[in-house]
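Hi,

Here is the structure I said I'd pass on. Have a look at it first, and my notes are underneath.

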Amino acid sequence: MFKIRELNDYHHIHDAYINAVIGMYINKRYPKMLKEFVYSDYIKEFKKQSTEEDGKKKKQYGFIVSNMGKEYTDMTTGEIIDKNTSEKQIESVLKQLKIKDAFVTRKLEEQTGEFYNQTIYSKNEKITNAIPLKKGLDPNKYGAYTSQNTAYMVLFEHILKNKKHFQIVGIPIKDITYIKNDNENLKQYIEEKFQYENVKIIKNKILKHQLIYKAGKPYDIKSSGDISIAKQLQVDENTNLMIYILLNKKVKSNTLLKAYNILDKLHENNYTIIAQNISEYVNNKNEKTTEEKKANHSNMDELLKWTKETAAIYVYDVLTNKIKSEYFENIGEKLEGYRDNMLNLIFEDKIKVIQLLLQLTSGKSIDLKIIGGKSGQGRVTMQNMNSKWLADVVFVEQSTTGMYEKRFKLDELENGDSNK
């Protein structure tokens, strides 16, 4: 199990779970120590001290974690937890960490602060939607802002040419003082600003990070013009290992050998003997000579280079298939066509591509020019959030934990089946 922050948001869940497990263990085995330290502070201090001392290296994670697999007495009940039971508890923890159906929620936020994007454009620059720096200041003389910052969005209905229309628009931060969380004020504001008649407020506050589903896929509303995919990337253990190998400069011998053995079955190579030498070195518990250490270091460098090069294409293929089947079919098809370009990149650029694809699956738009693609890949816009676009959208109201939720389609919102 490797911690890879770039993969998905599950590492936050794992951290919280592990802290809870260790806290419970300390409560049972060392109850008098609960008030003596905060675990996170203990680990930080221990890492500073985990250096060579008197010719013996200290235990890597300290006495607390290293003792968790041993027999001990539960000080709260007097029960003796034998080594076998203790090891089973650790196995249970590892099993829980592999579960992939965790709930992930984001805090809904009403934006505050600056009224405008604070970049001021010169009067000599050609800009659209120029916003005067102050009331009465001509942008052609004094320059201008180009965009207003949005506090939240609103979904409303209006009548145009005797036909019902739905629309989502952003409410600027500078205007919320006038609206004052009042639906009548909001209705009047929209009618005056957009020159609409018979406006009906359907959902009066759509906050940043509102979760919606469209065409069966989850999206996170970022603004009145942009949404991003809100799906957590899930990969198998082998791919998890390969991504870890690629994104970390320092890799332990056993981890490298595990990755090599997987790739060795898929690709012919000339590194079998080198891998055997590393394995023998690792398994040899005798004191190593300086020459043996140098030889192993050289073998590690050579094997790591081939393993990383091969792992990069392995991960590229996995992510391409994932993106095509679960995220953006059109981008996945393009990535298939870019594969030869990926093969011809230097290793450092291959890593950049893998990082870009991980950013894409985490909801960011990316620039794929490095492999022959275009910029703005993965950007989902809502420039025309009209009735047609909204027809199959499902709004999701979640509890803080994500364990409870309600889903509403447009017609249910319109009929008042959701709290506005």
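Two spots caught my eye: a helix and a buried aspartate. Keep in mind that this is a predicted model.

First, the helix. What covers the buried residues of H7? The cover includes strand S7 (150-160) and strand S8 (163-172), along with helix H6 (176-179) and strand S9 (197-206). The residues being covered are Leu 186, Tyr 189 and Ile 190. They sit on the same side of H7, because the arc they cover around the axis is only 95°.

As for the helix itself, H7 runs over residues 183-194, which makes 12 residues. From first C-alpha to last, H7 reaches 16 Å, close to the 16 Å expected at 1.5 Å a residue. Both ends are worth a click. At the start of H7, Asp 182 has a side-chain oxygen within 2.8 Å of the backbone nitrogen of Glu 184. Past the other end comes Gln 195, which follows H7 and has a positive phi, near 55°.

Now the aspartate. Asp 220 is located in strand S11 (residues 217-221). Is Asp 220 buried or exposed? Asp 220 counts as buried because its relative accessibility is 4%, and the cut-off for buried is under 20%. The side chain of Asp 220 has a polar partner: it makes a polar contact, at 2.9 Å, with the side chain of His 209. Leaving out residues up to four places away in sequence, Asp 220 also touches Arg 106, Gln 210, Asp 226, Ile 227, Ser 228 and Ala 230, besides His 209.

Cheers

Methods: Residues are numbered from 1 along each chain as its sequence is written. This is a predicted model: local features need pLDDT of at least 70, side-chain atom pairs count only at pLDDT 80 or more; totals for chains, interfaces and linings use all residues. Side-chain values use heavy atoms; hydrogens and water are left out. Helices (H or I, at least four residues) and strands (E, at least two) are DSSP runs, numbered from the N terminus. The expected span of a helix is 1.5 Å times one less than its number of residues. Buried means under 20% relative accessible area, exposed over 50%, partly exposed in between (1.4 Å probe, protein chains only). The arc is that of the directions from the helix axis to the C-beta atoms. Contact means heavy atoms within 4.5 Å. A polar contact is a pair of N or O atoms within 3.5 Å; within protein, one must be able to donate a hydrogen and the other to accept it, and residues adjacent in sequence count only if both atoms are side-chain atoms.
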